[in-house]
Each structure stands twice: as structure tokens, then as C-alpha cells.
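Please open the model in your viewer and display it as a cartoon, with side chains hidden for the moment. The tour below proceeds by selections, one stop after another.

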Amino acid sequence: MFWSGDKLKEKLPELIKNSSGIIDDIKVDCAAISLTVGSEVYVTPNGEKDPNVKQILDDKKPQFIIPKGQFALLLTSEIVKVPDYALAFISFKAKYKFKGLINVSGFHVDPGWKGRLTFSVYNAGPTDIVMEKGRPFALIWYADLDRTSSAAFTKPQDAKTVTHLDADKISDMTGEVFSPFKLKKEIDEIKKELLTLESKIITRYSTVIFTVFIALVGYALKDDLMPIIKNAIKTLTGQ
């Protein structure tokens, strides 16, 4: 059974806290808790000049762009905890779904989890998406299990709290993404170059053909033109 908004408010201190360790800024949205964009993000390169490292967001640079056709890793600002007797589900807010942002990293959080959540996303929309540190972008729901989970994150190596985007996650997404939008742009550039080349070839061959045509016409009419040319020379020279 999914938890109600009232139950979430009662258990909020046990479930979630922000980077400052407080819950005052955390909002319960109907029967879910809002999750906000954290201070670290990685966006796959959209060109040779794009940086291939994660970005650190702060008050001076709070915004970043996920270009159309590119992937990104987003880290939540909140540290989330899922009790071993519950299971959590995650989803984007509707405003980002309508823009074409797709969650490709999964839709649930295991019992016993503790740490920030990492979202792997893909911009399938027709335009670039601008996001900002501290803005709500996702929701998390909680539901009861019929008993305490024996497969929860209880081992020491599993209990390590996730606080940042580690190198392994970023390494898995490095490299250029050949999205439909990028391929279309490259095809359009090739078409433009071909049209320019075609225009140059047509101009060059037109000049050659015209020159040959004039030469042929002159050769064909030489017998008719020679008397006229000789008379003109005599007139000009007075002979």
C-alpha cells in the first residue's frame, strides 16, 4: 500500500534530508516527496569543444543545459533513506516529461537504501532543456512491503552513503552520442557542401561549353566572315 501525504509528513525526518541536514525546505507533493537538482551533473558531449567532465553547480552558475538527443547524469540534493520494510518509486515531474526528458536509470529505490539518488536521463524532445540547481524535478513515493526485506542494503559495503557522482558512473557515459538530431545536422551540412560543389562544377563546365560553342560557331562561319573581315581591314588601312 502506498503511503499517504500525511504519513510522509509524519515520517519525513526518517526518510529524507537536504544537504544542510534539515527538512524545512523539503516538500510533500500530494502522496510523494519532491526531489531537487543537486550540485553535480554530467552531460554527454555535444561537440568537440564540449567538456567531458562533470559540472559543479553553485550560486554563480546554477543552471545547465541538456541538449536535445544527449544523455545526462543528475544527482539529487536530498539524501534519501528507504526503510527495510518499504519500497520507493521515482518519476519525473510532468513539466519535464512534456519536454521530452526520459528517465533511463530505473523507477524504484531498494529497501535499505541511503544516499543521494542518481538519475540517468535522455532528452528525447525537440529542444534543449534548461535545468537549475535546487529546482524540483522528480518525485518519490513510498509503499509498504508485506514484511521486512531480508535483501535490504544491510552489508557494510552496501551501506556506504552515496554523496557524489563517482568516476565509474561518468566513465560509463563518456563518448559522443550519435543522436538523430546530430545525424540530421551532419546530413544537412553534407547536403549544403554537395550543393556548393555542384554549383561550382556547373559554372565551370558551363564556361567551357560556352567557349567551345563560340569556337565551333566561329569555325563554321569562317568562310562567310573572312571576306567581311578583309574588307574591314582594307577600309581601315586605306588600301
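The stops that follow lead through a loop, a set of paired strands, an open sheet and one residue within that sheet. Please bear in mind throughout that this is a predicted model.

**First stop: the loop at Cys30**

Select Cys30 and show its side chain. Cys30 lies in the loop that connects β2 (28–29) with β3 (32–43). Is this residue buried or exposed? Cys30 has a relative accessibility of 67% and therefore counts as exposed, the cut-off for that class being over 50%. The backbone also deserves attention here: the phi angle of Cys30 is near 60 degrees, a positive value in a residue that is not glycine.

**Second stop: strand β6 and its partners**

Next, select residues 71–76, which form strand β6. This strand is mostly covered, with five of its six residues buried. Which strands pair with β6? One of them is β3, joined to β6 by four bridges in the antiparallel sense. To see a point along this pairing, select Val37 together with Thr76: Val37 stands opposite Thr76 of β6.

Now add residues 118–123, strand β12, to the selection. Strands β6 and β12 run antiparallel and are joined by five bridges. For a view of this pairing, select Leu73 and Ser120; Ser120, in β12, is the bridge partner of Leu73.

**Third stop: an open sheet**

Clear the selection and choose β1, β7 and β11, three strands that make up an open sheet in the order β1-β7-β11, with antiparallel pairing. β1 (16–17) and β11 (114–115) occupy the edges and have a single partner strand each, so one side of each lacks a neighbour in the sheet.

Focus on β1 and on β7, residues 79–81. These two strands run antiparallel, with two bridges between them. Within this pairing, Ile16 has Val80 in β7 as its bridge partner.

**Last stop: Val80**

Finally, select Val80, which belongs to strand β7. With a relative accessibility of 0%, Val80 counts as buried, because that class takes in values under 20%. What surrounds this residue? Beyond its neighbours within four places in sequence, Val80 is in contact with Leu15, Ile16, Leu35, Trp113, Lys114, Gly115, Leu117, Ile140 and Tyr142. Display Ile140 as well: Val80 and Ile140 are 60 residues apart along the chain, and their C-alpha atoms are separated by 9.4 Å.

Conventions. Residues numbered from 1 in each chain as written. Predicted model: local features only at pLDDT ≥ 70, side-chain atom pairs only at ≥ 80, totals over all residues. Heavy atoms only, no water. Buried < 20%, exposed > 50% of the residue type's maximum accessible area, 1.4 Å probe, protein only. Pairing = 2+ DSSP bridges. Contact = heavy atoms within 4.5 Å.
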